[in-house]
Amino acid sequence: MSEDVLRAAQVGAARTDRHDSEVVEKALREYLGFDVLERVWARSELGEKEAMDLAVSEVHAARRRKRAPRRS
């Protein structure tokens, strides 16, 4: 990590009374989209099994579409 980024994380941590690692983790989670996923999961009414069944079904459907002959 570059010195200027590390220093900015340290300053941000000090200003918010948190550890450097907490600031870095929060920034990475936001950059990687984890914050969006967590908001979606919080609103979802699907149980774990239902969500997994839906995900597997969608993967199979995508693979079928990929294998299907293309029309010209």
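How many residues apart are Glu25 and Arg29 in helix α2? Keep that question in mind as you move through this predicted model; the answer comes at the second stop.

**Start with the whole chain.** Show the protein as a cartoon and you will find 4 helices and 0 strands, running α-α-α-α from the N terminus on. Now zoom out. The C-alpha atoms fill a box of roughly 55 × 35 × 15 Å along the principal axes. The radius of gyration is 20 Å, where a compact globule of 72 residues would have one near 11 Å. Switch on a surface: about 6,900 Å² is exposed, and carbon and sulfur atoms supply 55% of that area. Of the 72 residues, 6% count as buried.

**Next, select Glu25 and Arg29.** Their side chains meet in a salt bridge, 3.0 Å from N to O. Here is the answer to the opening question: the two are 4 residues apart in helix α2, so about one helical turn separates them. Glu25 is partly exposed, with a relative accessible area of 42%, and Arg29 is partly exposed too, at 33%.

**Stay on α2 and pick Lys26 and Glu30.** This pair also forms a salt bridge, at 2.3 Å from N to O. Both residues lie in helix α2, 4 residues apart, which is about one turn of the helix. Lys26 has a relative accessible area of 40% and is partly exposed; Glu30, at 41%, counts as partly exposed as well.

**Now colour the nonpolar patch.** Select Leu28, Tyr31, Leu32, Phe34, Val36, Leu37, Val40 and Trp41: together they make a nonpolar surface patch of about 860 Å². Helices α2 (20-32) and α3 (34-43) each supply at least two of its residues, with the largest share, 5 residues, coming from α3. Pause on Tyr31, which sits in helix α2. Is Tyr31 buried or exposed? Its relative accessible area is 71%, so Tyr31 is exposed.

**Move on to α4 and select Lys49 and Asp53.** Here the side chains meet in a salt bridge of 2.9 Å, N to O. Lys49 and Asp53 are 4 residues apart in helix α4 (residues 48-67), so they are separated by about one helical turn. Lys49 counts as exposed at 61% relative accessibility, whereas Asp53, at 41%, counts as partly exposed. The count for the model comes to 3 salt bridges.

**Finish with the charges.** Colour the charged side chains by sign: there are 15 positive and 14 negative ones, and the centres of the two sets lie 13 Å apart.

Technical notes:
Residues are numbered from 1 along each chain as its sequence is written. This is a predicted model: local features need pLDDT of at least 70, side-chain atom pairs count only at pLDDT 80 or more; totals for chains, interfaces and linings use all residues. Side-chain values use heavy atoms; hydrogens and water are left out. Patches are made of residues with over 30% relative accessible area and no salt bridge: like charges are joined within 9 Å, nonpolar side chains (Val, Leu, Ile, Met, Phe, Trp, Tyr) within 5 Å. Accessible areas come from the Shrake-Rupley method with a 1.4 Å probe; for residues, only the protein chains shown count as cover. A salt bridge is a side-chain nitrogen of Lys or Arg within 4 Å of a carboxyl oxygen of Asp or Glu. Buried means under 20% relative accessible area, exposed over 50%, partly exposed in between (1.4 Å probe, protein chains only). The radius of gyration is taken over C-alpha atoms; the globule rule is 2.2 Å times the number of residues to the power 0.38. Lys and Arg count as positive and Asp and Glu as negative; His and the chain ends are not counted. The place of a charge is taken as NZ of Lys, CZ of Arg, CG of Asp or CD of Glu.
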